[in-house]
Amino acid sequence: MNNEKRGHRSGALVFRSIVLIIILLCIVLLLIPFQVLTIEEEDGEESAHIGASEFSLRWKHSVEKEDWEEFFVLTDTGILLTKTRFKTFGAGVPNDVGSDTFIKDGWVYMSGIQRSIGTSFYFRTGKTTEHRITVDGQSVKLKANSSYHVTVNQLKLFQALLLKIRVM
């Protein structure tokens with residue numbers, strides 16, 4: 001066998017090996033679980049956030065007319081409330097939540113809460129509460145007088161991508 005044929009076979013073997021490695025990598029990547037945060041409104045409108053790590057809910061308090069915001073982190077086991085902030089500290093507001101309470105830029109912060117919420121929860125917006133949800137830095141105003149269902153799931157990448165396509 002001459003060197004030209006040997007080189008051709010060697011090149012074809014390398015090419016097939018590279019293609020096989022790429023195919024195996026794609027299969028593995030599609031099977032890796034990803035965290036997916038879904039937010040569903042009562043009329044069925046839904047958004048999906050693949051790989052989200054945190055979110056917050058912000059609203060205008062119905063009595064005090066001041067903003068309140070709660071911060072959540074997504075973990076392997078579900079949703080964790082980690083801190084809250086608000087403009088006024090009045091009757092009915094617990095003073096011993098979390099590990100630290102402080103004032104910064106006109107807000108009262110309660111941090112170090114670490115309260116497990118589970119894998120989902122429901123909430124309802126009011127007429128004048130101006131609810132907003134912020135997921136990984138992107139804020140969206142929510143519809144007034146609507147119910148929402150927030151869920152976190154571990155999905156395979158292909159499942160997460162199918163969900164994302166479905167809700168687009």
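Begin by selecting Arg 58, Lys 60, Asp 67, Glu 69, Arg 85 and Arg 132, which are joined in a network of salt bridges. The model is a predicted one. Across the whole structure, a search returns 9 salt bridges.

Within this network, isolate Glu 69 and Arg 85. Their salt bridge has its closest N and O atoms 2.8 Å apart. Display the strands next: Glu 69 belongs to strand β4 (residues 67-75) and Arg 85 to strand β5 (residues 78-86), so the salt bridge ties together parts 16 residues apart in sequence. Switch to a surface representation to examine the two partners. Glu 69 is buried, at a relative accessible area of 5%, and Arg 85 is buried as well, at 13%.

Now move to Lys 143 and select Glu 41 with it; their side chains form a salt bridge (3.4 Å, N to O). This pair connects distant parts of the chain, 102 residues apart: Lys 143 sits in the loop between β10 (138-141) and β11 (147-156), while Glu 41 is in strand β1 (residues 33-41). With the surface still shown, Lys 143 appears partly exposed, its relative accessible area being 36%, whereas Glu 41 is buried, with a value of 6%.

Keep Lys 143 selected and add Glu 45, which also forms a salt bridge with Lys 143, the closest N and O atoms lying 3.4 Å apart. Glu 45 is found in the loop between β1 and β2 (46-50) and Lys 143 in the loop between β10 and β11; the pair therefore ties together parts that are 98 residues apart in sequence.

Key. Residues are numbered from 1 along each chain as its sequence is written. This is a predicted model: local features need pLDDT of at least 70, side-chain atom pairs count only at pLDDT 80 or more; totals for chains, interfaces and linings use all residues. Side-chain values use heavy atoms; hydrogens and water are left out. A salt bridge is a side-chain nitrogen of Lys or Arg within 4 Å of a carboxyl oxygen of Asp or Glu. Helices (H or I, at least four residues) and strands (E, at least two) are DSSP runs, numbered from the N terminus. Buried means under 20% relative accessible area, exposed over 50%, partly exposed in between (1.4 Å probe, protein chains only).
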